[in-house]
Amino acid sequence: MFLVIFSRELREHLASFRFGAVFVLTQLLMVTSVLVFATRYETAMAEYRPVDNLTNDEGLVNLQGIPCKGGIRLQRRPSRLGFLASAGEQELPDGVRLAVHGIDAITNSGDPADLLASATPVDWTWSIAVLLSFAAGLLTYRSISGEREDGTLAMTLTNSVSRGVLLAGKYAAALSALVMSLAVGTMLSMLLLILYGTINLTPADWLRLAAVIGIAALFLSCFVLIGLVCSVTSRSSTISAILFLGVWAVLVFVLPNAAGILAPRLVAAPTPGQVRRQAQAAEDNLPLVPGMSLEQVASTDTDRHLAREGVLLTYVQQLSAQVDGARHVARLSPVATFRFAAE
């Protein structure tokens, strides 16, 4: 009986206008993100210059050669899987300038296109986390409440079908439709990527890609279950749709964005101006008095530097605690957890 319910529900999903619209949008977004990324990757690789005698064939840096070359610049190698999750790479540093004593400067050689890209980062995780999670509600909000309104639910249950089998069939059909849309988008995107010829994925990259698709299926299953729960607990499909929309908005937008607002309230941290005043006060508490010997001056100067570094270290630890607190809050949402796993 499970297969009968599953096949019937799957056929209805595939024939519906809702699934057709979601399917077309999914393919457009996934293919577009790959094409845009391939163009940007080609430009990034043309500008990428590995340092001679400091990197091996795998791109790993030979640290022993750094002290012999001062003033050189090391670049971050462009990621081949940036279309999956951008991970804020436009905002992150992409290189360091080295001196004999260590790192001289951290750089970011962005271009004007990065401004637009960072304003609208549409990668695969965005398409899955926003579009397909919403599609899960579109496919399931009428699963039970709609049949209750039409009167077909009572007829179905009279055919010796248990509620568990009925829900399992509807759950599997909705999830299969979403995974099918994701799989077709993946195949089309990879075909275009191979034809484009700029990015050569390694076997490890293909495994990572498969892992992200598997994680995406688990992520979408959560929203399919949420849609079924909303449909089961609602007496009408309208109430079910409104209920799912509210839960979806909280999980997708409210919780991830509320983390940054709640973080300063979870762990207090001074402002940069207050930190500068604290560091200056720490130095002023250890003044250099006229008449000190050279040893006393050197010792006091070292203590002043240590006191200033202690203030700055405390500030960094407070900021790190805020980031950790924000992550814990954000991961109450499956969207933040999915994005973290994909990145």
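Here are some numbered notes on this predicted model, going from the overall fold to single residues.

1. **Overall make-up.** The protein chain has 343 residues, and 36% of them count as buried. Its secondary structure comes to 12 helices and three strands. Contacts across the sequence are worth a look too: among those between residues at least 6 apart, 75% join residues at least 24 apart. The accessible surface comes to about 19,300 Å², with 66% of that belonging to carbon and sulfur atoms.

2. **The main core.** The largest nonpolar core holds 49 residues, and the members that touch the most others are Phe83, Trp124, Ile128, Leu178, Leu193, Phe219 and Phe223. At least two residues of this core come from each of helix H1 (2-15), helix H2 (17-47), H4, H7, H8, H9 and H12. H8 gives the largest share, with 10 residues. Apart from this core lies another, of six residues, and Ala263, Val329, Ala330 and Ala336 are among them.

3. **Trp124 and Thr186.** Trp124 is a good residue to centre the view on. Beyond its neighbours within four places in sequence, Trp124 is in contact with Met30, Ser33, Val34, Phe83, Leu84, Thr186, Ser189, Met190, Leu209 and Ile213. One of these partners, Thr186, lies in helix H7. Is Thr186 buried or exposed? Thr186 counts as buried because its relative accessibility is 11%, the cut-off for buried being under 20%. With neighbours up to four places away in sequence left aside, Thr186 is in contact with Met30, Trp124 and Ile213.

4. **Helix H12.** Next comes helix H12, which spans residues 334-342 and has Val335, Ala336, Phe338 and Ala342 as its buried residues. Viewed down the axis of H12, these buried residues fall within an arc of 160°, so they line one face of the helix. As general background, an α-helix has 3.6 residues a turn, so residues three or four places apart point the same way. Which helices do the buried residues of H12 pack against? They pack against helix H4 (124-140), helix H8 (203-232), helix H9 (237-266) and helix H11 (294-330).

5. **A salt bridge from H12.** The structure has 12 salt bridges in total, and the one between Asp123 and Arg339 follows on nicely from the last point. The closest N and O atoms of Asp123 and Arg339 are 3.5 Å apart. Asp123 lies in the loop between helix H3 (112-119) and H4, while Arg339 lies in helix H12, so the pair ties together parts that are 216 residues apart in sequence. Asp123 is buried, with a relative accessible area of 4%, whereas Arg339 is partly exposed at 24%.

6. **Helices H10 and H11.** Glu283 and Arg304 also meet through their side chains in a salt bridge, at 3.9 Å from N to O. With Glu283 in helix H10 (residues 272-284) and Arg304 in helix H11, the pair ties together parts that are 21 residues apart in sequence. Both Glu283 and Arg304 are buried. Arg308 lies in helix H11 as well, and Arg308 counts as partly exposed at 32% relative accessibility. Not counting residues up to four places away in sequence, Arg308 touches Ala279, Gln280 and Glu283. Between Arg308 and Gln278 the C-alpha to C-alpha distance is 8.2 Å, and the two are 30 residues apart in sequence.

7. **A charged network.** Salt bridges link Arg8, Glu9, Glu147 and Lys170 in a network. Within this network, the side chains of Glu9 and Arg8 meet at 3.0 Å, N to O. Glu9 counts as buried, at 4% relative accessibility, and Arg8 counts as partly exposed, at 26%.

8. **A nonpolar surface patch.** Finally, please look at the surface, where Leu35, Leu191, Leu192, Leu195 and Tyr196 form a nonpolar patch with about 450 Å² of accessible area together. Which helix gives the largest share of the nonpolar patch? That is helix H7 (residues 163-196), which supplies four residues. Leu191 is found in helix H7, and at 47% relative accessibility Leu191 counts as partly exposed.

Note on methods:
Residues are numbered from 1 along each chain as its sequence is written. This is a predicted model: local features need pLDDT of at least 70, side-chain atom pairs count only at pLDDT 80 or more; totals for chains, interfaces and linings use all residues. Side-chain values use heavy atoms; hydrogens and water are left out. Buried means under 20% relative accessible area, exposed over 50%, partly exposed in between (1.4 Å probe, protein chains only). The arc is that of the directions from the helix axis to the C-beta atoms. Contact means heavy atoms within 4.5 Å. Patches are made of residues with over 30% relative accessible area and no salt bridge: like charges are joined within 9 Å, nonpolar side chains (Val, Leu, Ile, Met, Phe, Trp, Tyr) within 5 Å. Accessible areas come from the Shrake-Rupley method with a 1.4 Å probe; for residues, only the protein chains shown count as cover. A salt bridge is a side-chain nitrogen of Lys or Arg within 4 Å of a carboxyl oxygen of Asp or Glu. A nonpolar core is a set of buried Ala, Val, Leu, Ile, Met, Phe, Trp, Tyr and Cys residues joined through side-chain atoms within 4.5 Å.
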